[in-house]
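Colleague: I'd like a close look at just one helix in this protein. Could you walk me through it slowly, as I'm new to this?

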Amino acid sequence: MERGRGPGALPGTEEAAGAAQGKGRVNFPFPYTPYSIQEDFMAKLYDVLEAGKVGIFESPTGTGKSLSLICGALSWLRDFEEKKKQEEARLLADEHNGQDKQQQPTSRSAEASNRQGSAGELDWITEFMQKKEEQAMVDRLKEEQIRRKKREDRLEKIRHNVQLKYASKRKRLEDDETQRLLQLSKEILSTELGSDVLEQLDHEEEELILAEYESDEEKKVGLGLEEEDDDDLEEEHVTKIYYCSRTHSQLAQFVHEVQKSPFGEEIRLVSLGSRQNLCVNEEVRHLGAVQLINDRCVEMQKNKHGKKSEGEESEGKKRRVSRAVCPFYSYEQMQFLRDEVLVKVKDIEQLVALGKETKACPYYGSRYAIPAAQLVVLPYQMLLHESTRCASGIKLKDQVVIIDEAHNLIDTITCIYSAEVRGAQLCCAHSQLLQYMERYRKRLKAKNLMYIKQILYLLERFVSILGGNVNQNPNAQSISQAGTELKSINDFLFQSQIDNINLFKVQRYCEKSLISRKLFGFVERYGATSVVKTNKEKQNMAGLQNFLLTLHQGPDKEAAIQCHPVEVEDGQPKMASPLMQIEGFLSALTNANQDGRVILNRQGTVAQSSLKFLLLNPAVHFARVLKECRSAIIAGGTMQPVSDFREQLLSCAIGADRVVEFSCGHVIPPDNILPIILCSGPSNQQLEFTYQKRDLPQMMDEMGRILGNLCNVVPGGVVCFFPSYEYEKQVYTHWERTGLLTRLATKKKIFQEPKRANQVEQVLAEYAKCIKRCSQVGGHVTGALLFSVVGGKMSEGINFSDDLGRCVVMVGLPYPNIKSPELQEKMAYLNKTMPRTAGQPPSKMLIENLCMKAVNQSIGRAIRHQKDFASILLVDHRYARPSVFNKLPQWIKERTEIKPTFGLAFAALRKFHHEKKSCYGSEAS
């Protein structure tokens, strides 16, 4: 069976094709016997992909969602490719048969044409056009077959020919030796010509000067990969699946699942990432900030491919420009890396290691592998952001898109296309750019000067609308009327008096001229030093240095760090030029007027004030993805409530009939989970943690009594989620004062979720160590109690499996702050553009959905595998309301018990944990 499979063919091709044609069932290769819910998941996924629909798939964590996605989607791809080959064979056979028929005399058709007159003439033309189209299709199929055969032969050769790898490695070593000798020669020459060394160092400044800029009207610039004259770059994109997730670690985990799956040996998979993750050039990596790395990389590619401008040619010896190129940008080596990637599945770390070994750029090498890849794994940003998608060479036309961990998809798209700049950044960028222009005025071309002046004017107007003056220190400028103001894009442009500037052209100029990169190099060279060669230069630099100095010594230290590019805080990479962030804001202003708002946030001083673009309609950007791709799958462990996805993301792009929902249960036995809605506490006080009531001492005391009772019967770890950090701190302080914390500590050691992300791992490690020690040693302390925050560091992506989370407590309903200007604007927008649902305005539905998404993410932390067990306590009588209750995940909702009194809830909890202790015993821990 294996012998007959060609390179790149997926497992089970022959069997699956036969099964599909015979019994109508699909064969899903799987590394073990799948759960029934996994079989249902894969079958539904296959149907959605086959029908070209959009699916919203929910599969709780611990149910093998990743494997179901892999085996279901790749089984569809396997069958699709097989059907395509069969169709190609049929068309080619028909073409061959058609050639035989052409030997027949044509006089009969000519006579018939004469008899039929004009009608016959039209039929003849139609027939001719059809034959021409069919012939074009056949020719295209032949070309595809030749390309596919060439690619498969090449990959098969690499897969089995070890000598090729050694030959490539030998060539790299020879190149290294040549480069070393060349460098040695340069060093000897420079030692002999000492005066030239100083001159060369001085010429480094040439790289800071902007090259002559040609606008779109003068030069058509294409997006995507750099143009090469090699046929491989023009390779047809095969049908493929784009899989994206939120984090680097989630993508790496997915790739490892693919490697372990039945498809791991044959699938052509490529992992994509940012330059920050994939760059192997240490000179570029050390820049730290993402935008700096991007700009430096693009600049080095331009240096490699670009030709000298007329100015450079004419000045000749006077301007000896030394332009750096990247040694890893070797097309020959990147071809080798591309093929290595396609031959064997690799994650990002393995890709970077291969890049270092082969001295080839993994960033560009992986992009060259996209056309031939069957599965492309990439982060959200690369797929959802249109310009990034185009620049990466990603073509979604007729392809499949799978977006995993998609519960926050709406927020993700909103964040990607939103932007914020502070007053300190605006003033800093203006000062830097002004000094740059003054220094190089005589060296800059007219078009560069024109655009720089336009950017300076924009910055001046932005500061002015905040109530400040761009020429004064923003830390010293007080704002007379503090507050928040919202404006439509058009109103903001008119009020700022910049409606006469073409922002699309300015944005394009910033992108193509790399002005922010040049400005960063300029400030890095002069901004932090006092050594300048001439009095004239010193005079030109004084303004910038003084400005940076006043910011550094001012009260707003954060602003100083933003403006001072060489400062580092908490080990974080140094920040890029503020102009880079401002470019993002300018880009956001090019959105349609109705799709966003500009928020003017005036606070204390100009430095503290900010301008923020808020995207109101993420659907307009997601619609472009949906319209291009064949099918899209939006998947996650907790997707409820799904109405948000339908109304805010899908409704404007596709019809309701094209959307399919699928939600599967959990693999755990029904009696391994006990969700309880608790309506009243031990003293019979109704539990309602609204903004008005939750601060009452009696409400906080009642919550304390509930936890005290829980800690007596729940073994291991208890995780208690509060609506916010502020409320958690308030309750903690109250319990400390009343002595409740001391009583709780006799049963459970108490931990608090830290606000700083870099402390989370340490707290979790100590929490886990405490629970393990208690289960082994025994004694009065039976485990640990962890106070967490909904939407905080521990409510997503962290597993409280087994003894780490035997009970999850949710205090109240974590509704978002409806006084937030951003949320108010979003609510107003939805009320204006969306219909009412069940008599409720869309804004109310939004608030409820945001709340329940956060709840569902938090309570899903406890159950992580088939033998796990836990109780869930929802502490607020409002959870029993149908509108809230129905938004719980199906597998939790169908097992939830509503307890009107604490006595009934406590009895059920005690019985549940007693039975589990006797059933699992020490095995559970």
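Modeller: Sure, let's take helix α17, residues 409–416, which is mostly covered: 6 of its 8 residues are buried. Buried means under 20% relative accessible area, while exposed is over 50% and partly exposed lies in between, using a 1.4 Å probe and protein chains only. Helices (H or I, at least four residues) and strands (E, at least two) are DSSP runs, numbered from the N terminus.

Keep in mind that this is a predicted model, where local features need pLDDT of at least 70, side-chain atom pairs count only at pLDDT 80 or more, and totals for chains, interfaces and linings use all residues. Residues are numbered from 1 along each chain as its sequence is written, and side-chain values use heavy atoms, with hydrogens and water left out.

So who's tucked away in α17? The buried ones are Leu409, Ile410, Thr412, Ile413, Thr414 and Ile416. Those buried residues pack against helices α15 (380–384), α26 (619–628) and α27, plus strands β5 (400–403), β9 (605–615) and β10 (631–636). Contact here means heavy atoms within 4.5 Å.

Now zoom out to the chain around α17. The protein chain has 36 helices and 18 strands, and buried residues make up 52% of its 925 residues. Among contacts between residues at least 6 apart in sequence, 81% join residues at least 24 apart.

Helix α27 (643–650) turns up again elsewhere: the buried residues of α32 pack against α27 too, along with β7 (483–488), β8 (596–603) and α33 (842–859).
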